[in-house]
Amino acid sequence: MDGCSNEVKHETGNKLKGEMKLNSRRSEMKISSCRSERYEAEVGTGAEATFRQPQERPRFVIAGTGSGSGKTTVTLGLMRAFARRGLKVQGFKCGPDYIDPAYHSAVTGRASRNLDSWMTSSAYLQEYFLRSSAEADISVIEGVMGLYDGKEDTALTGSTAEIAILTDSPVLLVVDVRSMGRSAAAIVLGFRQLEPQVRIAAVIVNRCGSEGHYRMVKAAIEAACDIPVIGWLPRDSGLDIPERHLGLLPAVERGELEPLFDHAADVLAQGSDLERLLELAAAAPAMQVPLEAAATLNSTLTSGEASQRSPLAEEGNKEGDLSSPGALTALEETEGLAQPSPVIAVARDAAFNFYYADNLELLARAGARLVHFSPLSGKGIPPEADGIYIGGGFPEEFAAEIAANSLFLSGLRSAAAAGMPLYAECGGYMVLARSLTDRSGAVHEMAGIIPAHTGMQERRAALGYREVTALHDCLLLNRGERLRGHEFHYSVMSYPDGEARTYAYESKGRGGSQPEGYISGNIMAAYAHIHLASYFPAAERLVAACRTYREEKLAKLQQI
């Protein structure tokens, strides 16, 4: 996009230069002012009008030229640097990843959110971004893989670039310039020219050999591309993020990565023009949900049935987009819901922590009261539970502790026998099996609800997006209805020959389709991490099953 940096210079010069050029705090003041103005615009406007008017959202996307370029290090360092200034930083992660959002949350003190343009509709993504960033001073959106890498080989679907376009965000491109000189300019030039709709507003170069090396590649890039290079990081092993092993998130929770986060912030604060970056973020265009999406949002909040909340329910969800735009507004506090609301117990601790934030919000929006519990604590299923949701995580890392928690495992068995709705994904699926064999070869007894055995292997078993079609009526779907999700695991589920099994889904990925998962009565489990925003009636259906169970449970108690 020729002249990109000139356009940015004019915008920031007209809007911000007079406010910011002498005072290092003026950028932050401008951002805070935007936040105050949008509060005034949103308070008391009602569901339909909440985001119908353009909203100021200071923001930028951090993208890399490929995986391993350093975008996560830059993201975490900038988030921490901005948070140190007292800014409320909202983190977002492009794509289905769970680990990077955990980093974001640890650095900013605010729950990070996923933005996925394949699993959810464009309009939903825009509305979700606006809603999730409403209380923040600045939003930092970390990309996935390289800027243009996505689900398809020749299109932008599911890529960082597509999300940058949908959110109309300027892009900060991170380039690894190790052992490179003027060739760095050719890389940036190619990235700028591949997709004119993507606005690469600035560059940070990583793994420079020295400050002189930085100045050399900076001059080359700015001369050839007319894009400012606003900072650099040296080759520094202290900036290396640990490999993605399965005990990593517990280490984050214990604060073991805090020195790395602080070091990244220190290096970026010293070697980068943070004021320029704040100006670019503040100059991002105002956003709004399309008018048709706002109208649909209003109708979803004023109707009561799943079939009314999504037009796709009436169409059978067989063709086309899987989600309607603008499904919900700000989440109501679940504690404030009326007592008749069914209670869904959500397993959440170091062993089970892979949940999309909006999946939980959609369940609450559908009328559930969510209660978190920890299987690692030695306690059982919350007694008030009317349903159980066990997400993914690292059960293999805590298999001995889980096996030793007889209250938890017996509680699962009792719940299943009583017909309580029980939904499990990936790690939760593994725990419902008869046993789990960890990487050392040790065998641990699990719940035994599913007639299978789980074994860990060194080689990755599955990775990629999945579109799943229900083979039978089940907790989430009617037969033939679909959801979208993602699969990533190193375990294999083995069902002994002769064991009865009813598959949950036909799961379609890049490599083809195959039956997957397990259903029996109110039990449903599979490897795929599904996104409820890909088909909203799924959340309604799960909550309805929990409500039915609750009513039947209360009726039996009244007869005693």
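L554, L557 and I560 come together as a nonpolar patch on the surface of this predicted model. Their combined accessible area is about 340 Å². To find the patch, look for helix 19, which spans residues 537–559 and contains L554. With a relative accessibility of 37%, L554 counts as partly exposed.

From the surface, let us move to a strand that is mostly covered. In strand 5, which runs over residues 171–176, 6 of the 6 residues are buried. In a regular strand, side chains point alternately to one face of the sheet and the other. Strand 5 is covered on both faces. V171, L173 and V175 are buried on one side, and L172, V174 and D176 are buried on the other.

Which strands pair with strand 5? One of them is strand 1 (residues 59–64), which pairs with strand 5 in the parallel sense over 4 bridges. Another is strand 6 (residues 200–208), again parallel, this time over 6 bridges. V171 is a handy residue to follow here: V61 has V171 as its bridge partner in strand 5, and V171 in turn has I200 as its bridge partner in strand 6. To get from strand 5 to strand 6, the chain passes through helix 7 (residues 183–194), and this β-α-β crossover is right-handed.

Stay with strand 6 for a moment, as V205 lies there. Is V205 buried or exposed? Its relative accessible area is 0%, so V205 is buried. V229 is 24 residues away from V205 along the chain, and their C-alpha atoms are separated by 7.5 Å. R207 also has its place in strand 6. Its phi angle is near 60 degrees, a positive value in a residue other than glycine.

A positive phi turns up at D226 too, with a value near 55 degrees, and this residue is not a glycine either. D226 sits in the loop that joins helix 8 (211–225) to strand 7 (229–234). With a relative accessible area of 26%, D226 is partly exposed. Helix 8 itself holds both E211 and R215, which are 4 residues apart, about one turn of the helix. Their side chains meet in a salt bridge, with 2.7 Å from N to O. E211 counts as partly exposed because its relative accessibility is 41%.

That pair brings us to the salt bridges in general. How many does a search of the whole structure find? The search finds 24 salt bridges. One of them joins the side chains of R85 and E275, at 2.6 Å from N to O. This pair links distant parts of the chain: R85 is in the loop between helix 3 (71–84) and strand 2 (89–94), while E275 is in helix 11 (residues 274–282), 190 residues apart. R85 counts as partly exposed at 23% relative accessibility. E275 has a relative accessible area of 19% and is buried, because the cut-off for buried is under 20%.

K93 and E142 form a salt bridge as well, with their closest N and O atoms 3.6 Å apart. K93 lies in strand 2 and E142 in strand 4 (residues 138–146), so this pair ties together parts that are 49 residues apart in sequence. Both partners are buried: K93 has a relative accessibility of 3%, and E142 has a relative accessible area of 0%. Elsewhere, R80, R84, E258, D262 and D266 are linked in a network of salt bridges.

Further along the chain, strand 10 (residues 369–373) includes H372. At 44% relative accessibility, H372 counts as partly exposed. H372 and D349 are 23 residues apart in sequence, with 8.8 Å between their C-alpha atoms.

Our last stop is an open sheet of 4 strands, in the order 15-14-16-19, with mixed pairing. At its edges are strand 15 (443–445) and strand 19 (491–494), each of which pairs on one side only. Neighbouring strands in this sheet are turned by 20 degrees against each other on average, direction ignored. Strands of a sheet pair through backbone hydrogen bonds, in either a parallel or an antiparallel way. Strand 16 (residues 453–456) and strand 19 take the antiparallel sense, over 4 bridges. To see where they meet, look at G455, which stands opposite V492 in strand 19.

Conventions: Residues are numbered from 1 along each chain as its sequence is written. This is a predicted model: local features need pLDDT of at least 70, side-chain atom pairs count only at pLDDT 80 or more; totals for chains, interfaces and linings use all residues. Side-chain values use heavy atoms; hydrogens and water are left out. Two strands pair if DSSP finds at least two bridges between them. Helices (H or I, at least four residues) and strands (E, at least two) are DSSP runs, numbered from the N terminus. Axes are lines fitted to C-alpha atoms, for helices over the stretch in contact, and angles run from 0 to 180 degrees between N-to-C directions. Patches are made of residues with over 30% relative accessible area and no salt bridge: like charges are joined within 9 Å, nonpolar side chains (Val, Leu, Ile, Met, Phe, Trp, Tyr) within 5 Å. Accessible areas come from the Shrake-Rupley method with a 1.4 Å probe; for residues, only the protein chains shown count as cover. A salt bridge is a side-chain nitrogen of Lys or Arg within 4 Å of a carboxyl oxygen of Asp or Glu. Buried means under 20% relative accessible area, exposed over 50%, partly exposed in between (1.4 Å probe, protein chains only). A crossover is right-handed if, with the strands pointing away from the viewer, the path from the first strand over the helix to the second runs clockwise.
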